[in-house]
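Work through the exercises below with the structure open beside you, trying each task before you read its solution.

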Amino acid sequence: MNDALLELCQISYRYPDGSVGLDACSIAIQRGSRNVLIGANGSGKTTLFQHTNGLLRPQTGVVRYAGMAVDYSRAGLRALRSQVGMVFQNPDHQLFSASVQEDVSFGPLNLGLDMATVRQRVAAALQAVGMTEHADKAVHNLSFGQKKRVCIAGVLAMQPTLLILDEPMAGLDHAMQQELLAVLDQLHAAGITLLMATHDIDFAYRWAERIHLMAAGRCTASLNATDLGEHAEALAAVGLPLPQVITLHRALVERGILPANPPPRCTASLLTMLAEAKITQETTC
Ligand SMILES: Nc1ncnc2c1ncn2[C@@H]1O[C@H](COP(=O)(O)OP(=O)(O)O)[C@@H](O)[C@H]1O
Ligand SMILES: [Mg+2]
């Protein structure tokens, strides 16, 4: 069934200096799914993202949101941006108000919502990212991870249908990454479609349902994460290895230690399989 929320069809974009940002790039993001865009630096991930909410306009090709070609009029872009929330890679490019509260209020105020609704949305968004107690703080006094959370709150306050995050894990420590993933789990459970750029194939395999490979301005393949093990060649073509957990699992299957199915998606599942295999061996001795 085609239930694409976002579609980019044959998009090409060259920057004014002649650099190719996208080259006949096509991708479809299904409603309610968790997606990763993975590719080397310069492969076009950020350029693609900037086409999803009309920050860039394709020179050829068409962007469709909810089945409709994007309308680049002021009103059309306003409507699109209230649906497609974007968290930039660098929070300093996104935050511009003096205080946390002001920054998170900016989007909902711009939507023309009444003050009571704005306050309620801002409070809910700050709570979702664990920043309630920092509401009155000056943005420039926050840590990098806190700034990132304020960016996410600002986007959440718009109540987007699609949330796009450009390399959100970069620069966050392990604990902050786990917190961010918990927030994303909640959003996904609430029905928000997620699209994230990353370099990390192990993370992509663990987290995503669909993995879109990018190279030289093109999406070279869109794969179900569960089938990733069958696509070593497509990964190698964009300079990526198989996820480590697949390689390890295969070695253990070859040695007759673990069953081939179901393949684990993360180290924790692999360890659980190993623990269960050990129990079976012990009980059969
Ligand atoms: N503002 C810009 N001006 C000129 N070239 C750019 C600009 N932004 C990106 N590019 C070029 O476009 C290509 C894709 O870049 P980008 O979308 O930033 O890739 P990624 O996000 O995957 O690292 C690269 O060759 C990059 O150098
Ligand atoms: Mg980028």
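**Exercise 1. State into which domains the chain of this predicted model is divided, and describe how domain 1 and domain 2 meet.**

Begin with the bounds: domain 1 is made of two stretches, 4–91 and 161–242, while domain 2 covers 243–285. Next, consider the separation, for which the centres of the two domains, taken over C-alpha atoms, lie 32 Å apart. The contact between them draws on 13 residues of domain 1 and ten residues of domain 2. Then turn to the area, where domain 1 and domain 2 together bury about 880 Å², with 55% of it on carbon and sulfur atoms. On the side of domain 1, the residues that lose the most area to domain 2 are Asp-202, Tyr-205 and Leu-242, which together account for 64% of what that side buries. Finally, look for charged pairs across the boundary: the count of salt bridges between domain 1 and domain 2 is zero.

**Exercise 2. Find the residues of strand β7 and decide whether they are buried or exposed.**

Strand β7 spans residues 162–166, and five of its five residues are buried, where buried means under 20% relative accessible area. Now take the two faces in turn: on one side lie Leu-162, Ile-164 and Asp-166, on the other lie Leu-163 and Leu-165, and all of these are buried, so that both faces of β7 are covered.

**Exercise 3. Name the strands that pair with β7 and give the sense of each pairing.**

As a reminder, strands of a sheet pair through backbone hydrogen bonds, either parallel or antiparallel. One partner is strand β6 (residues 84–87), which runs parallel to β7 and is joined to it by four bridges; here Gly-85 stands opposite Leu-163 of β7. Another partner is strand β8 (residues 193–198), which pairs with β7 in the parallel sense over five bridges, and in this pairing Leu-162 has Thr-193 of β8 as its bridge partner. To complete the picture, follow the chain through helix α6 (residues 174–189): β7, α6 and β8 make a right-handed β-α-β unit.

**Exercise 4. Work out the strand order of the open sheet that contains β1, and identify its edges.**

The sheet has four strands in the order β2-β1-β4-β5, and their pairing is antiparallel. Its edge strands are β2 (20–30) and β5 (68–69), each of which pairs on one side only. Looking closer at β1 (residues 4–14), one finds seven bridges that join it to β2 in the antiparallel sense, with Ile-11 standing opposite Cys-25 in β2.

Key: Residues are numbered from 1 along each chain as its sequence is written. Chains are lettered from A and ligands numbered from 1 in the order in which they are written. This is a predicted model: local features need pLDDT of at least 70, side-chain atom pairs count only at pLDDT 80 or more; totals for chains, interfaces and linings use all residues. Side-chain values use heavy atoms; hydrogens and water are left out. Buried means under 20% relative accessible area, exposed over 50%, partly exposed in between (1.4 Å probe, protein chains only). Two strands pair if DSSP finds at least two bridges between them. A crossover is right-handed if, with the strands pointing away from the viewer, the path from the first strand over the helix to the second runs clockwise. Domain bounds come from an automatic or database domain assignment. Contact means heavy atoms within 4.5 Å. Buried area is the accessible area (1.4 Å probe) that two parts lose on being put together, summed over both. A salt bridge is a side-chain nitrogen of Lys or Arg within 4 Å of a carboxyl oxygen of Asp or Glu.
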